[in-house]
Amino acid sequence: MLYVKAPAKINLTLDVLYKRPDHYHEVEMIMTTVDLADRIGLESRADGLIKIVSTDNFVPDDQRNFAYQAAELLKNTYGITEGVTITIEKQIPIAAGLAGGSSDAAATLRGLNELWELNLTLDELAEHGAKIGSDVSFCVYGGTALATGRGEKIMELPAPPTSWVLLAKPKIGVSTADVYGGLKIDGLEHPNTKQMITAIENNNYDLMCKSLGNVLETVTFKLHPEVVMIKEQMHRFGADAVLMSGSGPTVFGLVENEARVSRIYNGLRGFCEEVYVVRMLGERNPLA
Ligand code: ATP
């Protein structure tokens, strides 16, 4: 069995510039991976089938699973006759704004590249990833990057200033399509993406905190007021800066001072079941 790590991502910025003629949104986002990860196991099978086995009942076990789609894409493109059993040990909350499904697909691409000896580069794997979903290309590389286009054009950035990251996920799932559908682009308050890049390049923690921004917050806040409440509480308990990740509902807080982390964690656990303390990974993913 070959094991591959599939880390979650958070958005340090998420901006929507306009709606394109092909109905996709033109986005500009800075994403970074954190050390909360699913574990993907890949085992070759002689019958040519693709099978999904998961520890989580909410993970689809058929073609709807992004990892399945990744395996099918490589199998068809490169004429692979063998099959694969994909075991997904889920740690990343589902429909949370943390790109769990996309990361599973990306890890499957990286792992099958090795298992099936395809010798593809990360760039080639990322190109395949874009056919599965907008966030899959980023997840192939991991690390920190500016993503543009519909999210598939990736420019690598250095590791962000080190900090603790607290993730809190209220007990709701959010549909990314619904949130984008509810977005009114006119009059949006856009995050300062350039300033965030400067903060990262200069390892400036305070400027990173000041530059966090996500235009989808207003839409998700209207649909799910409990997300606003979690954001306010994280601020109140002492996080340096707080933002919703992706289309939500997960909210993350940046905390530089280690002594403050457990106080914030305990405060949040009082009313939110799913709270995680993680670090940004900084580094790009290994090939597999
Ligand atoms: P993003 O941040 O990219 O919008 P997300 O974290 O909000 O993604 P996912 O956890 O990827 O959302 O789940 C979104 C939907 O994708 C789920 O409702 C689920 O049915 C489907 N899905 C497909 N494959 C997977 C997978 N491997 N793990 C989890 N969900 C998956």
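**Notebook: the ligand and its surroundings**

I started with the pockets, and the ligand's space turns out to be the largest one. (A pocket is an open set of points on a 1 Å grid over the protein atoms alone, where a 1.4 Å probe fits, with protein on both sides within 12 Å along at least five of seven lines; a molecule sits in it if more than half of its atoms lie within 2 Å of its grid points.)

Notes to self: this is a predicted model, where local features need pLDDT of at least 70 and side-chain atom pairs count only at pLDDT 80 or more, while totals for chains, interfaces and linings use all residues. Residues are numbered from 1 along each chain as its sequence is written, and side-chain values use heavy atoms, with hydrogens and water left out.

Next I asked which residues come nearest to the ligand. They are Ala95, Ala99, Gly101, Asp104 and Asp135, out of 19 around it (a heavy atom within 4 Å counts as near). Helix α2, residues 100-115, gives the most to this shell, with four residues (a helix is a DSSP run of H or I, at least four residues).

Then I looked up polar contacts (N or O pairs within 3.5 Å). A ligand nitrogen has a polar side-chain atom of Asn65 at 3.0 Å, and a backbone N or O of Phe66 also lies 3.0 Å from a ligand nitrogen. Thr176 puts a side-chain N or O 2.9 Å from a ligand oxygen. Alone, the ligand exposes 620 Å², and the protein buries 81% of that (Shrake-Rupley method, 1.4 Å probe).

Last, charges over rings (CZ of Arg or NZ of Lys within 6 Å of the ring centre and within 35 degrees of the ring normal). I found Arg150 over Tyr24, at 4.9 Å from the ring centre, and Arg236 over Phe237, at 5.3 Å.

Terms used: Polar contact = N/O pair within 3.5 Å; in protein donor to acceptor, adjacent residues only side chain to side chain. 1 Å grid on protein atoms, 1.4 Å probe; cavity = no way out; pocket = protein on both sides within 12 Å on 5 of 7 lines; lining within 4 Å. Helix = DSSP H or I, 4+ residues; strand = E, 2+ residues; numbered from the N terminus.
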